[in-house]
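Trainee: I'd like to learn how to read a protein structure, one feature at a time. Could you walk me through this one?

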Amino acid sequence: MSPITTALHPLHVELGARLVDFAGWELPVSYSGVIAEHQHTRQAASLFDVSHMGQVWLRPTSGNLAEVATALERLTPASVLGLKTWRQRYGLFTDDNGGVLDDFMFANHEDRFHVVVNAARTEHDLALLRTLPGIEVEHLTDRALLALQGPRAEQALATLVPQATELVFMDSLPLTWNGVELWVSRSGYTGEDGFEISVPDDHAIPLARALLALDWVAPAGLGARDSLRLEAGMPLYGHELAPEITPVQAGLGWAIPKVRRSDGSRAGGYPGSEVILAELADGPTRLRVGLRPEGRAVVREGTPVFPDTEATTPIAQITSGGFGPSVGGPVAMAMLPTRYAPGQVVHAEVRGRRIPMTVTDLPLIPHSYKR
């Protein structure tokens, strides 16, 4: 089966992108090189095609948006009812064992919610959402999604849409460009300031060209997006998020507000809440941490992690690993037993050799959001 292409595919080909199959989509992994694109994002602004992500409208059949929020809280520990109009929030779908089925973003667009889910989980998430009564679930298949990321992202978008300067982190608003309605959220997956822009497919290439015409905006691919999110300490579904990993173990307790915790006014009520609330109260047995391997060798996903050079039984596996251009060396994440604190050393076994790795706090590069 041939991979699906996005509305921006002709532009990727024109720009000489190296294309790969990702979650059934043909997407650019790089244009000028992963390191160059990573560094450009940290210094100026880069444009990513993230149209493979699933975009969904959730509407109430009754006309009462609170009914959608109440229903959605049966699937996620996030506070949906507490989300103000034109604001966006991070959420997690959980299972009965407290494991993570996916992570997603949801925005209150006054009479409906705009939800963005992971590409590989879109069909699963749509089926899950359609179990909720009283909700119309519409999969939006005619819109692209662009991510403009970096310290000069605001300057770039404001040249086309001046109102973009009014948005702060996690705002989500409809804005107009050349008579076209864009859905713009001030968010992203790089740790840098930036925007995610939903645009009708037939206007995606013109918008991308207008942004890329600016001297400080360059195209970037999945390779740089991954190295940026790794340095920013952001989890990825299938790596740091999975049915075997709870939100608390993943270090995402902040995504479960007081109102959904024990003694909160809307405590529990979502799948696995007993497990998750117990971990919030008592602490998990393992926790997602950052790792800085010694030397220059990259430690990849799946590499076993040992407590020392002599142990025969691994204590974990690397969940994500690569080279961090901004930190100047290899970086990784793993789910380690909670007895391992920042500053302690564990060892990864690479081709029969034990490489020391220092446990570090996340993120490795501070976030630069406009609040």
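Mentor: Sure! Let's start with a term: a residue is called buried when its relative accessible area is under 20%. Keep in mind that we're looking at a predicted model.

Trainee: So is F104 buried or exposed?

Mentor: F104 has a relative accessible area of 2%, so it is buried. F93 comes out at 0%, so it counts as buried too.

Trainee: How do I tell how the rings of F93 and F104 are arranged?

Mentor: Look at the angle between the planes: under 30 degrees counts as stacked. For F93 and F104 the planes are at 15° and the ring centres 4.2 Å apart, so this pair is stacked. F93 belongs to strand β5 (residues 88–94) and F104 to strand β6 (residues 100–108), eleven residues apart, and the pair links these distant parts of the chain.

Trainee: Which aromatic cluster do F93 and F104 belong to?

Mentor: One cluster is formed by F93, F104, F106 and F113.

Trainee: And how many aromatic pairs turn up in the whole structure?

Mentor: Six, when you search all of it. Another one is W57 with W183: their ring centres are 4.6 Å apart and the planes sit at 55°, so that pair is tilted. W57 is in strand β4 (residues 54–60) while W183 is in strand β11 (residues 180–185), so the pair ties together parts 126 residues apart in sequence. W57 and W183 are both buried.

Trainee: What lies over the face of W57?

Mentor: That's R112, at 3.9 Å from the ring centre. W183 has a partner of this kind as well: the charged end of R143 sits over its ring, 3.5 Å from the centre.

Trainee: Let's zoom out. How is the protein divided into domains?

Mentor: Domain 1 covers 8–53 + 142–232, and domain 2 covers 285–370. Their C-alpha centres lie 29 Å apart.

Trainee: How do I read the contact between domain 1 and domain 2?

Mentor: Try counting residues, then look at area. Here 18 residues of domain 1 are in contact with 19 residues of domain 2. Between them the two domains bury about 1500 Å², with 58% of it on carbon and sulfur atoms. On the domain 1 side, F169, L230 and E231 supply 41% of the area buried against domain 2, more than any other three residues.

Trainee: How many salt bridges are there between domain 1 and domain 2?

Mentor: The count is one. As for E154 and K370, their side chains meet in a salt bridge, at 2.9 Å from N to O.

Conventions
Residues numbered from 1 in each chain as written. Predicted model: local features only at pLDDT ≥ 70, side-chain atom pairs only at ≥ 80, totals over all residues. Heavy atoms only, no water. Phe/Tyr/Trp six-rings, centres within 6.5 Å; stacked < 30°, edge-to-face > 60°. Helix = DSSP H or I, 4+ residues; strand = E, 2+ residues; numbered from the N terminus. Buried < 20%, exposed > 50% of the residue type's maximum accessible area, 1.4 Å probe, protein only. Lys NZ or Arg CZ within 6 Å of the ring centre and 35° of its normal. Domains from an automatic or database assignment. Contact = heavy atoms within 4.5 Å. Buried area = accessible area lost by both parts, 1.4 Å probe. Salt bridge = Lys/Arg side-chain N within 4 Å of Asp/Glu carboxyl O.
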